[in-house]
Amino acid sequence: MKALAALMAVAALFGSVQLFHGRTAADELTPSPDDYRLVANGDEASCAVKRGTEISHGLSLLTVTANCRRVLPGIERAKFWREQDDGTVTFSANGIDPIVTFGVADGDGYESYAPALPLLSLAAGSD
């Protein structure tokens, strides 16, 4: 009986900490709107990328997982996401020179047009 009471106290403490931080276990499982899936040539290879904090108008930090080099060699160096007024998005290592450039796709997400190959898609969601 004491074990049950202790377990309930731990659960209550955990729940109050989660409420204090404003997050729940379900929030941890739900991808943020800044989580994206980068896919090459129709699921040939894929990886996760995350748009981070905006540091100036249209320029945000970018996190690219290490396995993204299977999708496009060199993309693992990308540290910045730049969104232009026309909706195009570039990933770059220095915030200026693009490694890859995406245009708005039909439907949700983006499709790459530079470099021409491999064709990449970028859509909301992650693993």
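**Exercise 1.** In this predicted model, determine in which strand Thr90 is found and whether Thr90 counts as buried or exposed.

*Solution.* Step 1: Thr90 belongs to strand β5, which covers residues 89-92. Step 2: the relative accessibility of Thr90 is 11%. Step 3: buried means under 20% relative accessible area, and Thr90 therefore counts as buried. Step 4: with residues up to four places away in sequence not counted, Thr90 touches Phe80, Trp81, Arg82, Pro98, Val100 and Thr101.

**Exercise 2.** Locate Ile55 among the strands, classify its exposure, and state which residues Ile55 contacts beyond its neighbours within four places in sequence.

*Solution.* Step 1: Ile55 lies in strand β2, residues 45-56. Step 2: its relative accessible area is 46%. Step 3: partly exposed denotes the range between 20% and 50%, so Ile55 is partly exposed. Step 4: outside those sequence neighbours, Ile55 is in contact with Ser60, Leu61 and Phe80. Step 5: Phe80 is 25 residues from Ile55 along the chain, and the two C-alpha atoms are separated by 9.6 Å.

**Exercise 3.** Describe the largest nonpolar core and the contacts of Leu122.

*Solution.* Step 1: the largest nonpolar core has 22 residues, and those with the most contacts inside it are Leu38, Val49, Ile75, Phe91, Phe102 and Leu122. Step 2: at least two residues of this core come from each of β1 (35-40), β2, β3 (59-64), β5, β6 (98-104) and β8 (120-124). Step 3: not counting residues up to four places away in sequence, Leu122 touches Tyr36, Arg37, Leu38, Val49, Trp81, Phe91, Phe102, Gly109 and Tyr110.

Methods. Residues numbered from 1 in each chain as written. Predicted model: local features only at pLDDT ≥ 70, side-chain atom pairs only at ≥ 80, totals over all residues. Heavy atoms only, no water. Helix = DSSP H or I, 4+ residues; strand = E, 2+ residues; numbered from the N terminus. Buried < 20%, exposed > 50% of the residue type's maximum accessible area, 1.4 Å probe, protein only. Contact = heavy atoms within 4.5 Å. Core = buried A, V, L, I, M, F, W, Y, C linked by side-chain atoms within 4.5 Å.
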